[in-house]
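Trainee: Got a minute to go through a model with me? I'd like to talk about how its parts fit together.

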Amino acid sequence: MSTTPLLEIKHLKLSYGGIAAVKGIDFYINAGELVTLIGANGAGKTTTLKVIAGLLKPSAGSIQFLGHAIGGKPAYELAALGIGLVPEGRGVFARMTILENLQMGAYIRQGSQSSESIDQDLEMALTTFPRLRERLFQLAGTLSGGEQQMVAIARAMMAKPKLLLLDEPSMGLAPLMVETIFEVIQNLNQQGMTILLVEQNARLALSMADRAYVMESGAITLSGSADQLFNDDRVREAYLGADAKIKETKET
Ligand code: ATP
């Protein structure tokens, strides 16, 4: 069995002008894992995802993906290599229909793969999100926030990524919609998709992740299995608050 991680990051740094947002972090993700990166506002989580996806160039450090050194490569090359990003705020094409948004997701595969296999994946995305099938020709900009999140995830699925980066998928969604979206994320992972999940809802993220990293002020300050971090006093105090105590009371 290979022990090489799918993604391995070493001493990664990124500064915006003179401001260091990511200060030399190390972490890895094995194939098939669901790993979460949690932390407060401004900790550097989105910046980290953007660097991995090629939207920002690192100031220093290395990123290995599938054995390739990918640090500083442009986003389109990394998408073709198998890195998919569902950005914070979803980034759907508002003036396009749901179908067109999903077709855009498969754009990087056109030419290299048959239209039948793309059609099969469209079918799979619509089976995952029946609500999108009902609204296939509706403009994405007229969808609810939760429906737009579904489009963003389905669009990323259409590119058949080997690593899916999700930035705050629960942001701004009603609790029932959060549940739906997280069920889908968990199912995708159970079907074999490797996922890096950035989330402010630490309780939810830790409840489904295999492992977790805590990021604070640009540095990774804690790491371990999701269970370990869920039971860590520092994590409870800073990120889980009252929810953790409720869970503890129920379990005892
Ligand atoms: P949130 O949970 O609020 O999205 P985050 O952990 O994702 O926060 P980042 O968005 O990565 O944090 O931001 C990390 C730091 O970098 C913050 O101090 C932020 O103000 C700064 N920053 C982010 N983008 C830029 C930019 N384009 N120019 C300058 N500074 C930036």
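Mentor: Sure, let's go through the domains and the interface between them. Keep in mind that this is a predicted model.

Trainee: Okay, how is the chain divided into domains?

Mentor: There's domain 1, made of 1-82 + 161-245, and domain 2, which covers 92-160. Their centres, taken over C-alpha atoms, are 24 Å apart.

Trainee: And how many residues are in contact across the two domains?

Mentor: 14 residues of domain 1 touch 14 residues of domain 2.

Trainee: What area do they bury between them?

Mentor: About 1100 Å², with 82% of that on carbon and sulfur atoms. On the domain 1 side, Pro 161, Met 177 and Val 184 together supply 39% of the area buried against domain 2, more than any other three residues.

Trainee: Switching to polar stuff: how many salt bridges are there between the domains?

Mentor: The count is 0 salt bridges between domain 1 and domain 2. For polar contacts, the count is 1 residue pair, with both residues at pLDDT 80 or more.

Trainee: Which elements give two or more residues to the domain 1 side?

Mentor: Those are α2 (75-81), β7 (163-167) and α7 (175-190). The biggest contributor to that side is α7, with 5 residues.

Trainee: What does that side have by class?

Mentor: On the side of domain 1 that touches domain 2, you get 11 nonpolar residues, 1 polar and 2 charged.

Methods. Residues numbered from 1 in each chain as written. Predicted model: local features only at pLDDT ≥ 70, side-chain atom pairs only at ≥ 80, totals over all residues. Heavy atoms only, no water. Domains from an automatic or database assignment. Contact = heavy atoms within 4.5 Å. Buried area = accessible area lost by both parts, 1.4 Å probe. Salt bridge = Lys/Arg side-chain N within 4 Å of Asp/Glu carboxyl O. Polar contact = N/O pair within 3.5 Å; in protein donor to acceptor, adjacent residues only side chain to side chain. Helix = DSSP H or I, 4+ residues; strand = E, 2+ residues; numbered from the N terminus. Nonpolar A, V, L, I, M, F, W, Y, C, P; charged D, E, K, R; others polar.
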